[in-house]
Amino acid sequence: MSCTIDLQRQEDEVAVISSIYDETEFFHVKIKQGTRCSVTIHPMFLRKLEVKFSSGCPSDVVPNDSISVEHLPPIKMYIYLPNTYPSKTSPEFCLSIIWLSPWEISLICQKLDEIWEENQGNEIIFLWLNFLQNDLFNFLNISESLDVSFLHLIHTSRDNVTLRLVQLSDPRAQNGALLLDIKRLLISYNEKQHKAQFVKNFYTCYICFEEYAGLNCIELENCGHIYCKNCTEKHVRTRIVEYINKILCPTIDCKRQISDNDVKTLCPDLFFQYEEIMLRVTLDTMDDVVYCPQISCQYPVIRNLDDIAPICPICKYCFCIYCRKMYHGQAPCEMTSTDTIKLIDEYRNSSNKKKQMLEKKYGKRQMQSIEKYLTAEYLQDNAKSCPKCHSFISKTEGCNKMTCRHCQSLFCWLCNEQIYGYEHFNSIDSQCYGLLFEGIDTDVLNYVIDDVMDDINPFFGDFHI
């Protein structure tokens, strides 16, 4: 009679568990001696967990490693319900958790035994599963990090002594991946679960401001920003067509580059062209690589740094590295007026490092002529010739009364006439009357006036004003 009641209670308990967990998480089969159950439990944690992999060496010799995960592989629990459960006998079980050491799993087995002892004679499976799903991390004192150093050490060292220690744990404590690479396993599982969860959710694309299922979105690998595939594909495709090698995330404040994997996923038909652009960028940074100037060739030629006339190994064209035309010996490079204007503009707006690259590219002879042009252009725009000795004088600050540093004569910056003092700016008949401070910024005007008064005050010293 008691056995019949136990069997009925088992059936009721299994039916309730089956209604809570789906068929991929809970499976049971009735056998002659009782019931066998297999349960897959996904432990709950609310934040990302740092998983640590210590090498066993001092951190200053081999730095410790860690990763962050959102998902851990599930706990596997195998349960056998004897015919005398739950009135007399506890269920038999074994526990498999691949991210815990065997003795940590042994502690959990002991805890499950305690839960049975506290509830002996009652149905226990739900209490066990609830503990494993919701209270496990608190029990093991795991809050922000999980240390799997021992498992990592077993995989890397394969030490017999360490393996023997494992055998001392509770026989119900199992780790089916004890000799596997735990780091790779955790990374792979976390990525797989993250993608599965991503597909199920909905996201707003902040380019077109439409909402899409995760299946139609992409989470950028390098920064994690999410956009719809259609908008991101257009963004990437435009950059590739425009030969822009650094394709950044569309988010305004994000400086992360879109990864090669994302580019390949979004624009597989243009990925070969993208790789060519990246290769060209890499070659452009190499001082010993120069492209063949023949339009039909464009092959990257590797040269010695002192070789100014490399020969293309493909088309056999020998060219000057400065002007990119057929090598012309000691004769100066020829440049069209359009080339010169373009080079002048590029050189004017370049940093010192860029100017050095231009010198390598076009040669110092060309760049010296560019510097001479820019100097003359600057003097024409920012300097005036002294009306007495005709030396160029530039004005950076101060009033419009200028002193030539070569002949010490005075002249007016506005009209370029030679003068003999401030009377040029004080005389009503002068064309520059009242214009001593013309063109000076207000914030420096007071300073200039004080400087002028220092020049004038000595003339009034004898008048005791």
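In this predicted model, R237 is partly exposed, with a relative accessibility of 26%. The residue belongs to helix α7, whereas D269 sits in the loop between α8 (260-266) and α9 (271-284), so a contact between R237 and D269 ties together parts that are 32 residues apart in sequence. That contact is a salt bridge between the two side chains, with an N to O distance of 3.0 Å. R237 also forms a salt bridge with E233, at 3.1 Å from N to O. Here the partners are four residues apart in helix α7 (residues 229-241), which places about one helical turn between R237 and E233. E233 is partly exposed, at a relative accessible area of 26%.

The whole structure contains seven salt bridges. Among them is the pair D113 and R172, whose side chains meet at 2.7 Å, N to O. D113 lies in helix α2 (residues 102-118) and R172 in the loop between α5 (160-166) and β8 (173-174), so this pair ties together parts that are 59 residues apart in sequence. D113 is partly exposed at 24% relative accessibility, and R172 is partly exposed at 22%. Together with D170, these two residues are linked in a network of salt bridges.

The salt bridges described above are listed here.

| Salt bridge | Distance, N to O |
|---|---|
| D113 and R172 | 2.7 Å |
| R237 and D269 | 3.0 Å |
| R237 and E233 | 3.1 Å |

Cysteines offer no covalent links of this kind: the structure holds zero disulfides. For C231, the closest cysteine sulfur is that of C228, at 3.3 Å, which is too far for a bond, because a disulfide requires the sulfur atoms to be within 2.5 Å. C231 is buried, with a relative accessible area of 13%. C320 is also buried, at 2% relative accessibility.

On the surface, V16, I20, F126 and L127 make a nonpolar patch of about 330 Å². The elements that contribute two or more residues to this patch are α1 (2-20) and α3 (125-139). L127 lies in helix α3 and is partly exposed, with a relative accessible area of 34%.

Three strands form an open sheet in the order β17-β18-β19, with antiparallel pairing. The edges are β17 (401-403) and β19 (418-419); each has a single partner strand, so one side of each is left without a neighbour in the sheet. Strand β18 (residues 410-412) is joined to β19 by two bridges, and the two run antiparallel. F411 stands opposite Q418 of β19.

Key
Residues numbered from 1 in each chain as written. Predicted model: local features only at pLDDT ≥ 70, side-chain atom pairs only at ≥ 80, totals over all residues. Heavy atoms only, no water. Buried < 20%, exposed > 50% of the residue type's maximum accessible area, 1.4 Å probe, protein only. Patch = residues over 30% accessible without salt bridge, like charges linked within 9 Å, V, L, I, M, F, W, Y side chains within 5 Å. Areas by Shrake-Rupley, 256 points an atom, 1.4 Å probe, with all protein chains shown as cover. Salt bridge = Lys/Arg side-chain N within 4 Å of Asp/Glu carboxyl O. Pairing = 2+ DSSP bridges.
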